[in-house]
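Student: I would like to learn how to read the features of a protein model. Please take them one at a time, with the general idea before the case.

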Amino acid sequence: IIACILKHAKDVSRKTRLIYGCNLSLSQFNKYALCVIDCGLLSKNQLEGIEFYETTDKGLIFLEDYVRISKVLQQMHL
């Protein structure tokens, strides 16, 4: 779920796009978003009253590592 949120927020995204893109409920998104923001992987900004989310540089590194680990696990047939 974290990787999905970060992937969809690579380009600046609104909350609804992230919720629908990751197939989450609002409460699920809010819980994960708080965690990911606290870890410094996602940033939340506001422009004219609209919230926008963006994957940080640290989040992009996380995504790269996640992809590498996923590939290794797939090769292991897990």
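Tutor: Start with the rule for disulfides: a disulfide is a pair of cysteine sulfur atoms within 2.5 Å. In general, a disulfide is a covalent bond between the sulfur atoms of two cysteines. The model here is predicted, so local features need pLDDT of at least 70 and side-chain atom pairs count only at pLDDT 80 or more, while totals for chains, interfaces and linings use all residues. Residues are numbered from 1 along each chain as its sequence is written, and side-chain values use heavy atoms, with hydrogens and water left out.

Student: How many disulfides does this rule give?

Tutor: The count is zero. The sulfur of Cys-35 has its closest cysteine sulfur in Cys-39, at 4.4 Å, which is too far for a bond.

Student: Are these two cysteines buried, partly exposed or exposed?

Tutor: Buried means under 20% relative accessible area, exposed means over 50%, and partly exposed lies in between (1.4 Å probe, protein chains only). Cys-35 is partly exposed because its relative accessibility is 38%. Cys-39, at 37%, is also partly exposed.

Student: What share of the protein is buried?

Tutor: Of the 78 residues in the protein, 26% are buried. Accessible areas come from the Shrake-Rupley method with a 1.4 Å probe, and for residues only the protein chains shown count as cover. The protein exposes about 5,600 Å², and carbon and sulfur atoms supply 56% of that area.

Student: Which helices and strands should I look for, and in what pattern?

Tutor: Helices (H or I, at least four residues) and strands (E, at least two) are DSSP runs, numbered from the N terminus. The protein has four helices and three strands. Along the sequence they follow the pattern α-β-α-α-β-β-α. The C-alpha atoms fill a box of roughly 50 × 25 × 20 Å, taken along the principal axes.

Student: How do I read contacts between residues far apart in sequence?

Tutor: A contact means heavy atoms within 4.5 Å. Among contacts between residues at least 6 apart in sequence, 48% join residues at least 24 apart.

Student: What span does helix α4 have, and what span is expected?

Tutor: The expected span of a helix is 1.5 Å times one less than its number of residues. Helix α4 covers residues 57-75, which is 19 residues. From its first C-alpha to its last it reaches 28 Å, close to the expected 27 Å. Just after α4, His-77 takes a positive phi of about 60 degrees.

Student: Where else is phi positive in a residue other than glycine?

Tutor: Asn-23 has a phi near 55 degrees, and Glu-48 has a positive phi of about 55 degrees. Asn-23 sits in the loop between α2 (15-21) and α3 (26-38), and Glu-48 in the loop between β2 (42-47) and β3 (50-55). Asn-23 counts as exposed because its relative accessibility is 70%. Glu-48 is exposed too, at 77%.

Student: How do I recognise a salt bridge?

Tutor: Side chains of opposite charge can pair when their charged atoms come close. The rule asks for a side-chain nitrogen of Lys or Arg within 4 Å of a carboxyl oxygen of Asp or Glu. By this rule there are three salt bridges. One of them joins Lys-15 and Glu-51 (3.6 Å, N to O). Lys-15 lies in helix α2 and Glu-51 in strand β3, so this pair ties together parts that are 36 residues apart in sequence.

Student: Which other side chains form salt bridges?

Tutor: Glu-51 also meets Lys-44, at 3.3 Å, N to O. Lys-44 is partly exposed, with a relative accessible area of 44%. Asp-65 pairs with Arg-68 at 3.2 Å, N to O. Asp-65 and Arg-68 are three residues apart in helix α4, so about one helical turn separates them. As for shared partners, salt bridges join Lys-15, Lys-44 and Glu-51 into one network.

Student: Which residues make the nonpolar surface patch?

Tutor: Patches are made of residues with over 30% relative accessible area and no salt bridge; like charges are joined within 9 Å, and nonpolar side chains (Val, Leu, Ile, Met, Phe, Trp, Tyr) within 5 Å. Here Ile-69, Val-72, Leu-73 and Met-76 make a nonpolar patch of about 370 Å². Met-76 is in the segment after α4.
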